[in-house]
Amino acid sequence: MKDSLLLDDGFPDRVLKSSFYLSLIIIACSISYLSFMGTVSVATGCCISLILYKMLWWTIQYAVRHKRSEIKGFFLKVSLIKYGIVGAMLLSTCLFLEVNVTALALGLSIVLIVLVMKIGSKLLVNYMNKFVKVSSQNIDGISIDTSKKGV
C-alpha cells in the first residue's frame with residue numbers, strides 16, 4: 001500500500017522555489033500596500049526564512065552524505081552557528097530599522113506557509129484518489145469512465 005505522505009527527492013527544492021516566488025509576490029504586493037519600512041520588514045523576514053530553510057536542507061544533506069557517525073554533534077554545531085547568525089541579523093534589523101513586527105513575522109513564516117500548503121494539498125489529493133469515485137459520464141457522445149481508483 002502506498003504511503004499517503006511519501007515525499008519524493010525533489011520536494012525540498014520545490015518548496016524552496018515556491019517559497020522564493022511567493023516571497024517575490026508578497027514583496028511586490030507590499031510595495032503597493034505598505035510603507036517603505038513595511039516592505040523592508042517583509043523582505044528581511046522572507047530573506048531570513050529562505051536562508052534558514054536552505055541552511056537546514058544543506059545541513060541534512062551534508063550530514064547524511066559525509067558524517068553519518070557524528071550527526072548529532074554536526075547538527076549541534078551548525079545549529080548554534082545558524083541561530084547565532086540569524087539572531088544577529090534580527091537584532092541588527094530591529095536596532096537599525098523601524099521594523100513592522102507583523103510584516104517581519106509574515107516574512108519569517110513564508111517557508112512554513114508553503115510547507116503546510118504543499119503537504120496539505122498532497123494529503124488532499126491522495127484522499128481524493130483513494131475515496132472519491134465518480135460515475136462514468138457521456139459528454140458530447142464521448143464516454144469517459146472516471147470510476148477507476150487513482151489517477
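Which helix does Thr-93 lie in? Helix 3, which covers residues 71-96. Keep that residue in mind; I'll come back to it.

Some context before that. What you see above is a predicted model. The protein has 5 helices and 2 strands. Along the sequence the order is α-α-α-α-α-β-β. There are 151 residues, and buried ones account for 22% of them. Now the contacts. Take those between residues at least 6 apart in sequence: 68% of them join residues at least 24 apart.

Back to helix 3. Its buried residues are Phe-74, Val-78, Lys-82, Val-86 and Thr-93. Yes, a lysine is on that list. What do they pack against? Helix 2. Thr-93 has a relative accessible area of 12%, so it counts as buried, the cut-off being under 20%. Setting aside residues up to four places away in sequence, Thr-93 touches Thr-44 and Val-99.

Follow that contact across to Thr-44. Thr-44 sits in helix 2. Its relative accessible area is 16%, and therefore Thr-44 is buried as well. With the same sequence neighbours left out, Thr-44 touches Thr-93 and Leu-104. Here, then, is one contact between helix 3 and helix 2, threonine to threonine.

A quick check on helix geometry. Helix 3 has 26 residues, so at 1.5 Å a residue it should span 38 Å. The end C-alpha atoms are 37 Å apart, which agrees. Helix 1 gets the same check. It has 23 residues, so the expected span is 33 Å. The end C-alpha atoms are 32 Å apart, and that agrees too.

Next, the core. Which residues make up the largest nonpolar core? There are 12 in all. Going along the chain: Phe-11, Val-15, Ile-26, Ile-27, Val-42, Cys-46, Leu-50, Tyr-53, Ala-103, Ile-110, Val-111 and Val-114. Three helices each supply at least two of these residues: helix 1 (11-33), helix 2 (36-66) and helix 5 (110-131).

Pick Val-42 from that core. Not counting residues up to four places away in sequence, Val-42 touches Ile-26, Ile-27, Ser-30, Leu-34, Ala-103 and Gly-107. Ile-26, Ile-27 and Ala-103 are also on the core list.

Now helix 1 from the inside. Its buried residues are Phe-11, Pro-12, Val-15, Ser-19, Ser-23, Ile-26, Ile-27 and Ser-30. Note the serines: Ser-19, Ser-23 and Ser-30 are all there. What covers this buried set? The cover includes helix 2, helix 4 (101-108) and helix 5.

One serine of helix 1 is not on that buried list: Ser-18. Ser-18 comes out at 26% relative accessibility, so it is classed as partly exposed. Leaving aside neighbours within four places in sequence, Ser-18 is in contact with Val-114 and Lys-118. Val-114 is 96 residues away along the chain, yet the two C-alpha atoms are separated by 7.0 Å. With Lys-118 there is a polar contact, side chain to side chain, at 3.4 Å.

On to cysteines. How many disulfides does a search of the whole structure find? The count is 0. Why does Cys-46 not form one? The closest cysteine sulfur belongs to Cys-47, and it is 8.7 Å away, too far for a bond; the cut-off is 2.5 Å. Cys-46 is buried, at 2% relative accessibility, and belongs to the nonpolar core. Cys-29 is another case: its relative accessibility is 41%, so it counts as partly exposed.

Last topic, the aromatics. The structure holds 2 aromatic pairs. One of them is Trp-58 with Tyr-62. The geometry is stacked: 5.3 Å centre to centre, with 20° between the planes. Both residues lie in helix 2. They are 4 residues apart, about one turn of the helix. Buried or partly exposed? Trp-58 is partly exposed, at 45% relative accessibility. Tyr-62 is partly exposed too, at 26%.

To recap. Helix 3 packs its buried residues against helix 2. Helix 1, helix 2 and helix 5 each feed the largest nonpolar core with at least two residues. Ser-18 links to Lys-118 through a side-chain polar contact. And the disulfide count stays at 0. Over to you for questions.

Methods. Residues are numbered from 1 along each chain as its sequence is written. This is a predicted model: local features need pLDDT of at least 70, side-chain atom pairs count only at pLDDT 80 or more; totals for chains, interfaces and linings use all residues. Side-chain values use heavy atoms; hydrogens and water are left out. A nonpolar core is a set of buried Ala, Val, Leu, Ile, Met, Phe, Trp, Tyr and Cys residues joined through side-chain atoms within 4.5 Å. Buried means under 20% relative accessible area, exposed over 50%, partly exposed in between (1.4 Å probe, protein chains only). Contact means heavy atoms within 4.5 Å. Rings of Phe, Tyr and Trp (its six-membered ring) pair if their centres lie within 6.5 Å; planes under 30 degrees apart count as stacked, over 60 as edge-to-face and the rest as tilted. The expected span of a helix is 1.5 Å times one less than its number of residues. A polar contact is a pair of N or O atoms within 3.5 Å; within protein, one must be able to donate a hydrogen and the other to accept it, and residues adjacent in sequence count only if both atoms are side-chain atoms.
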